[in-house]
Amino acid sequence: MNSETVIITPNKIYDLEIDNDDVSFDFMSIFARIEYKTIKRRMKQGKEAGAKKGMWTNGKPPFPYYYDKNTRSVLVDETKRPIYRAIVEKYLNGTNLGHIAIWLTDNKIPTPYNIKPDGKNKGWSNITVQRLLASEIHLGYITYGKTRSKRGQVELVPEEERIKVMGTHEKLKTPEEHEVIMERLLKNRMLNPNSRRNIFPLSGLLYCEKCGSRMRFRVGENKKQGQHWSALCYHQYKDGSKCEQRGKVMDADFFNALYDRIIHVDPNILREIELHGGRYNDTQTIIEVKEQELKKQKRALDKLHESYEEDMITKQVFLERKAVRSRQIQKLGEELKDLRKVVVDEGDYPTVDQIYERIGEFRGLWSKAVTSEEKNRALKKLVERIVYDREGNRVELTVCYR
């Protein structure tokens, strides 16, 4: 069907019903295609050249970096730096990917990318945390050309063909930390998939009081109880001896006792939380005082410069006073840096109100939980770990809250 549509360009109006216009437009299309490919090739060459110099050429950098258009460099977002370091340190200290993801989501830390079309933050996932931990960008490297398009299909490029150089941006983890992280991630991938799934309510939560190891679970069956599962400690010491901890069948009575222990917080734990909260508030007060003192010192340094520029003081006096002020500013800056690290660490510690709020959330989730995975998810919202100890027929459970 002929729509008699004409093509309007800045230089000419083409009517494809006219033979000369039709031929001219075909030629122009060919030249435009050649020019497009030339521009595309040059852009790729420019990116490769920049990558070889250690410059960032890959779009948006990962958390907690950002690209500064003015300096054309990748910088660290100082508000996100402590969060990234907390993720690394938690994983190095044994916290699993799921717990880290829950911690980030519960603390309303925005994810690096919003995936939902409505722009709402869907929360952190295990894979997002894993990719962040495994990234070599935080180790200082720039890698360009991981994938390529071939006949419309995207394929991975062999590592030896990629451009990988030390970048100009700041490193956020050490090679030693990266090696430990990658070893643990690889070990988790090598495990049987069933052993990594939260198929038991206490998976990843139950620890032995006697040796400190994480306890394992075994499924059994007998005529009296039918199918059941038990918690056991398989830890073996360096001398070959085994942990003396006795296991326990996880029956309905066990879970009823555990539920009561979780929702009725030990008064000693509450006192410890209140004391810790007091120390946290004291640290914040000290930070505020130090910040005010730092501003005061910086204003004094500015006035010192003004006095020198207006010939109110000699160069010798200016240099002496400047050295004193600069030392004070540097010292205050270092003190504030250390104090802010303390606040970040202490900020992970829950308050009494947070504990009770999470208990309410846990009760709601537990009442609806049917499968073992759902029960495990409900527990991990509230509990960091449960310490198990058995003497005779008496079982003692110590709950450590998140």
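Trainee: What makes the meeting of Lys210 and Asp389 a salt bridge?
Mentor: The side chains of Lys210 and Asp389 come together with N and O 2.7 Å apart. Lys210 sits in the loop between strand S9 (206-208) and strand S10 (216-222), and Asp389 in strand S13 (residues 383-391), so the pair ties together parts that are 179 residues apart in sequence. The term asks for a side-chain nitrogen of Lys or Arg within 4 Å of a carboxyl oxygen of Asp or Glu. The 2.7 Å is within 4 Å, so the name fits.

Trainee: Before we go on, what kind of model is this?
Mentor: It is a predicted model, where local features need pLDDT of at least 70, side-chain atom pairs count only at pLDDT 80 or more, and totals for chains, interfaces and linings use all residues. Residues are numbered from 1 along each chain as its sequence is written, and side-chain values use heavy atoms, with hydrogens and water left out.

Trainee: Why is Asp389 called buried?
Mentor: Asp389 has 17% relative accessibility. Buried means under 20% relative accessible area, exposed means over 50%, and partly exposed is in between (1.4 Å probe, protein chains only). With 17%, Asp389 therefore counts as buried, while its partner Lys210, with 33%, is partly exposed. Over the 402 residues of the protein, 32% count as buried.

Trainee: What makes Glu396 and Arg261 a salt bridge?
Mentor: Their closest N and O atoms are 3.5 Å apart. Glu396 belongs to strand S14 (residues 394-401) and Arg261 to helix H7 (residues 252-263), so the pair ties together parts that are 135 residues apart in sequence. Glu396 has 29% relative accessibility and counts as partly exposed. Arg261 is partly exposed too, at 36%.

Trainee: Which residues are joined into one network by salt bridges that share partners?
Mentor: Those are Glu78, Arg81 and Glu170. Within it, the side chains of Arg81 and Glu170 meet at 2.8 Å, N to O. Arg81 lies in helix H2 (residues 81-92) and Glu170 in the loop between strand S8 (163-166) and helix H5 (175-190), so parts 89 residues apart in sequence are tied together. Arg81 is partly exposed at 22%, and Glu170 is partly exposed at 39%.

Trainee: How many salt bridges does the structure hold?
Mentor: There are eight.

Trainee: How many helices and strands does the protein have?
Mentor: Eleven helices and 14 strands. Helices (H or I, at least four residues) and strands (E, at least two) are DSSP runs, numbered from the N terminus.

Trainee: What makes Lys295, Lys296, Arg299, Lys303, Arg321 and Arg325 a positive patch?
Mentor: Lys and Arg count as positive and Asp and Glu as negative, with His and the chain ends not counted. Patch members have over 30% relative accessible area and no salt bridge; like charges are joined within 9 Å, nonpolar side chains (Val, Leu, Ile, Met, Phe, Trp, Tyr) within 5 Å. A charge is placed at NZ of Lys, CZ of Arg, CG of Asp or CD of Glu. Lys303, one of the members, has 56% relative accessibility and counts as exposed.

Trainee: Which helix gives the most to the positive patch?
Mentor: H8 does, with four residues. H8 and helix H9 (315-347) each supply at least two.

Trainee: Where is Glu306 of the negative patch?
Mentor: Glu306 is in helix H8 (residues 267-309). Asp302, Glu306, Glu309, Glu310 and Asp311 form that negative surface patch. At 44%, Glu306 counts as partly exposed.

Trainee: Why is Phe31 called exposed?
Mentor: Phe31 has a relative accessible area of 53%, and this is over 50%, so the word applies. Phe31 lies in helix H1 (residues 19-52). Together with Val23, Phe27, Met28, Ile30 and Ile34, Phe31 forms a nonpolar surface patch with about 610 Å² of accessible area.

Trainee: How much area does the protein expose?
Mentor: About 27300 Å², with carbon and sulfur atoms supplying 51% of it. Such areas come from the Shrake-Rupley method with a 1.4 Å probe; for residues, only the protein chains shown count as cover.

Trainee: What share of contacts with a separation of 6 or more joins residues 24 or more positions apart?
Mentor: They make up 57%, where contact means heavy atoms within 4.5 Å.
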